[in-house]
Amino acid sequence: QFLSLCAPLTQEHPEVLPFLSSRHLRAHPDFRASAEFRNIRGRLLRRARGRRHKIYVYINELCTVLKARALRRRLPLRSLPGPSASQCRPSSSQCRPTPSCGDCGAPSHGDPGAPSHGDPGPSSSSSPPPPPPRQRPGGSKRQIRHLENLLRVYAGEIRRLQERELDFQDLDSADSPYLQENRLKRRMMRIFRRLCQLKECSSLTGRVLEQRIRFRGTRYPEVNRGIERFINRPDAFPDYSDILREIRGASARHGLGLGRRQMENMAQEAFREVGNRLQERRHLDLVYNFGSHL
């Protein structure tokens, strides 16, 4: 139903629907059959029917959800070498070379009381202790349930603070409801990241602020990469001096030979473009999420 709704609205970009279908196929089968995915799909379907001009926003949100629950490729584990492979090493303390037999460190073959090459002694036959069993990377159900309950408690407390009527004394207080709400939100974000670690899933929520900005404002790829890394840092809103510093650093590292005046003009143009794009991204995030308890 979602694809049939998107088909007539995305005719200008025919590659969108195959990309969405591939994301759906890569998602975990348990997640595709879960009630959580049915609820997300139904909610996006209702929104897309009501606001068809925002169809790409809902497609992007669905792709983000499917990407977070994609199947992970697991590398094959290599088995440790057996005791026979490390049974006779010159560097080990159990098998030191002697003048009588320097190849494997065994005593002289003429000694009747010494063990032969094919019959190692008791000290060399003891295999190394097995490695400890690997612990499960995810968390237990009890830990996950505890953190989810904490999120519900904090969410209710935040909503109560937001709906509380304030007077001038509350605004001037050092422990005003605004400050309490801010502390609770920071705690919620820490709990949410820890919960994503225990569930082994991505912490991306699909917000516009999480989308990476691609910068191609100059004709030097080295400068573009440096500026792109800088502006995609968390809570980064650079000024002119930051952009100029990135351009100078890229020119010095890669030997671009840019002049002072050329770097200053390039920094001015890049700063204007970066500022406009960051401001537009924050504005879109505010429009999409203003007043959203989720």
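Which helix does S241 lie in? S241 sits in helix α11, and the views below, taken from a predicted model, work outward from there.

**View 1. S241 in helix α11.** With a relative accessibility of 38%, S241 counts as partly exposed, because the buried class stops under 20% and the exposed class starts over 50%. Look for A267 in the same frame: S241 and A267 are 26 residues apart in sequence, yet their C-alpha atoms are 8.3 Å apart in space.

**View 2. Helix α11 from end to end.** This helix runs over residues 240-254. Its 15 residues reach 21 Å from first C-alpha to last, close to the 21 Å expected at 1.5 Å a residue. Just after α11 comes G255, with a positive phi near 60°.

**View 3. The buried residues of α11.** Buried here are D242, I243, L244, E246, I247, G249, A250 and S251. They pack against α10 and also against α12 (260-289). Keep the helical repeat in mind: an α-helix has 3.6 residues a turn, so residues three or four places apart point the same way.

**View 4. Helix α10 packed on α11.** Helix α10 (residues 221-231) meets α11 at an angle of about 135°, and the axes are 9 Å apart. That angle makes α10 oblique to α11. As for handedness, the α10 and α11 crossing is right-handed. On the α10 side, the contact uses E222, V223, G226, I227, R229 and F230; α11 brings D242, I243, R245, E246, I247, A250, R253 and H254. Sorted by type, the contact residues come out as 6 nonpolar, 2 polar and 6 charged.

Definitions and conventions. Residues numbered from 1 in each chain as written. Predicted model: local features only at pLDDT ≥ 70, side-chain atom pairs only at ≥ 80, totals over all residues. Heavy atoms only, no water. Axes fitted to C-alpha atoms, helices over the stretch in contact; angles between N-to-C directions. Helix = DSSP H or I, 4+ residues; strand = E, 2+ residues; numbered from the N terminus. Parallel < 35°, antiparallel > 145°, perpendicular 65-115°, else oblique. Left-handed = near helix turned anticlockwise from the far one by under 90°. Contact = heavy atoms within 4.5 Å. Nonpolar A, V, L, I, M, F, W, Y, C, P; charged D, E, K, R; others polar. Expected span 1.5 Å × (residues − 1). Buried < 20%, exposed > 50% of the residue type's maximum accessible area, 1.4 Å probe, protein only.
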